[in-house]
Amino acid sequence: MPRHPRLCWFALFACLSAAQANLVASPAAQSDALLWSTGKIHLPGGKVELQLPAGFRYLDTASARYVLETVWGNPPGQTSLGMIFGPGQDPYGDSAWGVFLSYEEDGHIDDRDAAGLDYDQLLRELQTMAQQGNLERTKNGFAPVRLIGWAERPSYNARANSLVWAKELDFGNPEHTLNYSVRLLGREGVLNLNAVSPMRSLNAVKSGMAILARAAHFTEGNRYGDFHETTDHVAEVGIANLVAGGAKVATKAVPVQWASLPHPTDKRWLALLVVGALAAGKFWRSRKSARNELIRSRTANSAREAHET
């Protein structure tokens, strides 16, 4: 598994049993065999639970894969911990949006640098990198993607250990695209919630994502506060890298070119949005917090002292 956010999702294939959640069938499930779950959801891996409020429905990994590949036309291999649709949403509407869940266990994220981050500077650097990436995309016959700006400026809630941000993207269509992200920090990993929609859905997506962030909980022993400095791994990246590096999300699609999104009313959507991670794995690594270095050094020393005693 990678040691920092990359252009991929990390997931386990598993199906929830009836004992784990209340199962209800959607109208579309009659033809497409989708099985919806409501209420309390135990995500694969056992580290996160969801308590979905009324109106929110969950698709397990198998059903989520079916939606991604069969309903929305994404290439095979796109996996997640499942998908969530809010009230009145399903995979079949022209403007439907869903939330993709994934988990990355890259180590404990030190959040002490969050208050001092310059998100305006980060945006400028991301826009520069997007422009550089567009040169290669154009060379390969793909349409350029323009990062307009923050649809929601990044903000970190130290009490909830949650990070929220959203980007406005221009694919050369009449309506811009919203890429909305939430990161929930755990003991040694991060729960990712990603949603893509037309910009007109910003308020609905923002509201729904806030509800889901409160509905998700790390299980006992896996919470951010359960971190053990002397035994647990500390991630090599910080809060800024989560914004800069983890941004591969899926949209409704047929498998056409990967960098040209039709108008949202067109059913022929692009397979993947790759935004803000053009150099994942090295962007911001040169700027990682000196505090992270200090923590890793202190962790190693403490572990050695404990072993010697």
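**Hairpins, a three-stranded sheet and the largest pocket**

In the hairpin formed by β9 and β10, six residues lie between the strands, and G172 takes a positive phi near 80°. The model in which this turn occurs is a predicted one. The two strands of the hairpin, β9 and β10 (residues 177–185), pair in the antiparallel sense over eight bridges, and within this pairing E168 stands opposite L178 in β10.

On its other pairing, β9 is joined by eight bridges to strand β8 (residues 146–157), the two strands running antiparallel, with W150 standing opposite K167 in β9. β8 and β9 also form a hairpin, here with four residues between the strands, and N161 in the turn has a positive phi of about 55°. Of the nine residues of strand β9 (residues 162–170), eight are buried, so the strand is largely enclosed by the rest of the structure.

A residue of β10 recurs in the surroundings of S197, which lies in strand β11 (residues 190–198). S197 is buried, its relative accessible area being 2%, where the cut-off for burial is under 20%. When its neighbours within four places in sequence are left aside, S197 is in contact with W97, T177, L178 and V205; of these, L178 is the residue of β10 that stands opposite E168.

A separate description applies to the open sheet of three strands, which has the order β3-β4-β12 and antiparallel pairing. Strands β3 (40–42) and β12 (216–218) stand at the edges, each with a single partner strand, and therefore one side of each is left without a neighbour in the sheet. From one strand to the next, the twist of this sheet averages 25°. In general, the strands of a sheet pair through backbone hydrogen bonds, in either a parallel or an antiparallel arrangement. Between β3 and strand β4 (residues 48–51), which run antiparallel, there are three bridges, and the bridge partner of I41 in β4 is L50. Helix α4 (residues 202–215) lies across β4 and β12, and runs at about 30° to β12.

Helix α4 is also prominent in the description of the largest pocket, which has a volume of about 540 Å³. Of the 25 residues that line this pocket, the closest to its centre are A160, N161, S162, L184 and A213. Among these is N161, the residue with a positive phi in the turn between β8 and β9. The elements that give two or more residues to the lining are β8, β9, β10, α4 and β12, and the largest share, five residues, comes from α4. The lining thus draws on both strands of each hairpin described above, together with the helix and one edge strand of the three-stranded sheet.

At the level of the protein, the model contains six helices and 14 strands. Buried residues make up 55% of its 309 residues, and the accessible surface comes to about 13700 Å², of which 51% belongs to carbon and sulfur atoms. Among contacts between residues at least 6 apart in sequence, 64% join residues that are at least 24 apart.

Notes:
Residues are numbered from 1 along each chain as its sequence is written. This is a predicted model: local features need pLDDT of at least 70, side-chain atom pairs count only at pLDDT 80 or more; totals for chains, interfaces and linings use all residues. Side-chain values use heavy atoms; hydrogens and water are left out. Two strands pair if DSSP finds at least two bridges between them. Axes are lines fitted to C-alpha atoms, for helices over the stretch in contact, and angles run from 0 to 180 degrees between N-to-C directions. Contact means heavy atoms within 4.5 Å. Buried means under 20% relative accessible area, exposed over 50%, partly exposed in between (1.4 Å probe, protein chains only). Accessible areas come from the Shrake-Rupley method with a 1.4 Å probe; for residues, only the protein chains shown count as cover. On a 1 Å grid over the protein atoms alone, a cavity is a set of points where a 1.4 Å probe fits but cannot get out, and a pocket is an open set with protein on both sides within 12 Å along at least five of seven lines; lining residues have an atom within 4 Å of a point. Grid points are joined across faces, edges and corners, and a volume is the space filled by probe spheres set on the points.
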